[in-house]
Amino acid sequence: MLNRSRQLLPLTQKSVPLWRSATYISIKGYQTNLFFRSAFGKRTLSSKNSKKMELPEGILIGFGNPLLDITTVIEDNMLLEKYGLEENAAIIAEEKHESLFEELDNMDNAQYSAGGACQNSMRVFQWIVQTPYRCAFFGAVGKDKFAERIAKRAKADGVETHYQVKEEMPTGTCAVIVSGQNRSLVANLGAAALFTEDWMDEEENCCVVDRASYFYITGFFLAVSPDTVFRMAKLCSETSRTLILNLSAVFVLQMQKEQLDGIMPYVDIVIGNKEEVLAFSDTHLWNTKDIFAIGKQMQSLPKENGRPRMVMITDAFCPVLCFQENDKILEYPVPKVDKHKIVDTNGCGDAFVGGFLSQLVQKMPLDYCIRTGIFASRQIIGVLGVTLEKLPKFNEKCI
C-alpha cells in the first residue's frame, strides 16, 4: 500500500575520525571544548564547506500524540503533593488525576499551547527551516475546540497536520506544572490514544508517506499504536529511508519493552536522555549504569538493513554523547545557562530534536546538527511552553 515511487540513496553518516585532544567550536559566543574519544588521526569538523539543500515538501514525518498543553507556574509543592506528582517527571494520567485538569483550567495563570512531544519537535523544525510544510505530522484528536486550536497553531507554525479524528473521545491534554527549574508532566491522552494503523491506508496519507525520506517516532506514540510504528519501521528499512526513535520517558522503557525490542533492528538513530538509557539497561538486565558501556551496547544491537545505527544520549548539563560504529564516541559540550534566564524546561528536549532534525534532513555535518539542537533548546528554555512566536527568526549566525 505504501510503495516507494522513487529510489532514494540511504542516509550516510560520515564516520568522523576521533582524537583524544580537544578542538574548539563557537556556540553563540561560547568557546567550548569538543572532546573526542579514540586513537584515530585528526580531522576538522566544519559546516563551512557544506552546502545546504533545498528541502522538498514533506521530507520529514513525525508520529506522536497531539495534546493541548495547559501550563501553570507554582510557588510551592502543594499541588504536586495533592496529586502525588514528582517535581521533574512525565507520566500518563490515572483516575486520581482527573480533577487536576479542571483545577488547572480554573487557574488565572494557566496558559494553553499546542503540545505533545513530537508535534513540538515538528514546530521547532519548521521554525528553523522557515519554509512551510517541509514536515508532516500524524496523530489522533477529538472533534472539539481543543483540536481546532491545536490545528490552527500547527498550521501557523508551518506544520502540515494529518489528524485522525476520533469523535468518541476529547482531544488529549497535558498538564504542565512548572516549579522553579523543574516541570512535572501529566498527559491525559484522550483521543490521541485511539490512533489506528488503518489511517495510514487513506490515499492522501499514502502520498504523504511516499514522499518522505525521514521518519521520526516517539516512544509515547509507540505505546499508542505499535502496529503503525512497526509498519513504518519496516518500510524505512526496505526503502532505504531513515528512522529516528526517541525513547521519550522512563515509563515507556518499563512498559513497552517488547514493542521497543521489535522495532529496534530497524532504527537508524536512537535519541534518549540519561535516565531513559539507564532504564533501557535495567529492562534488558545489562547490570551496568555506565553510560558509555550502555551507549556502545545499544549501538551494537542487531540491525536489519546493514546500515550502522547511531545512539545519541542527551543531558541538561553533561555533554551530548554520540555512539557510532566501530566504537566511535563523540562528546558535544552543553554551554551553561544562566539560572535567571530559565523560565520553563518543558519542551527543551523536544526543541533539541527539532533543531537536530532540521539540519539532518539537509545532510549537514553531525556537529552542525547537534549545535543547532542545543541552540534551539536554549531558546525554548527562556519562554513558557513551546511558544515559537516569542522567539526571534532563526539564522545560521545563531550557532
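The UniProt annotation "active site", which comes from an unreviewed entry, covers Asp350. The model examined here is predicted, and the annotation may be inferred rather than shown by experiment. Asp350 is found in helix H12, which spans residues 348-360. Its relative accessibility is 17%, and because buried means under 20%, Asp350 counts as buried. Setting aside residues up to four places away in sequence, Asp350 touches Ala117, Asn120 and Ser121.

The aromatic residues offer a second route through the structure. In total, the structure holds 10 aromatic pairs. One of them is formed by Phe63 and Phe221, whose ring centres lie 5.8 Å apart. The planes of these two rings stand at 45°, so the pair is tilted, since planes under 30 degrees apart would count as stacked and those over 60 as edge-to-face. The pair links distant parts of the chain: Phe63 belongs to strand S3 (residues 60-63), whereas Phe221 belongs to helix H6 (residues 219-224), and 158 residues separate the two. Both Phe63 and Phe221 are buried.

Phe63 and Phe221 also take part in a cluster. Ring pairs link these two residues with Phe138 and Phe195.

A further arrangement concerns an aromatic ring and a charged side chain. Arg149 lies over the face of Tyr112, at 5.1 Å from the ring centre.

Taken together, these features give the reader several places at which to begin: the buried Asp350 in helix H12, the cluster that includes Phe63 and Phe221, and the placement of Arg149 over the face of Tyr112.

Methods:
Residues are numbered from 1 along each chain as its sequence is written. This is a predicted model: local features need pLDDT of at least 70, side-chain atom pairs count only at pLDDT 80 or more; totals for chains, interfaces and linings use all residues. Side-chain values use heavy atoms; hydrogens and water are left out. Rings of Phe, Tyr and Trp (its six-membered ring) pair if their centres lie within 6.5 Å; planes under 30 degrees apart count as stacked, over 60 as edge-to-face and the rest as tilted. Helices (H or I, at least four residues) and strands (E, at least two) are DSSP runs, numbered from the N terminus. Buried means under 20% relative accessible area, exposed over 50%, partly exposed in between (1.4 Å probe, protein chains only). A charge sits over a ring if NZ of Lys or CZ of Arg is within 6 Å of the ring centre and within 35 degrees of the ring normal. Contact means heavy atoms within 4.5 Å.
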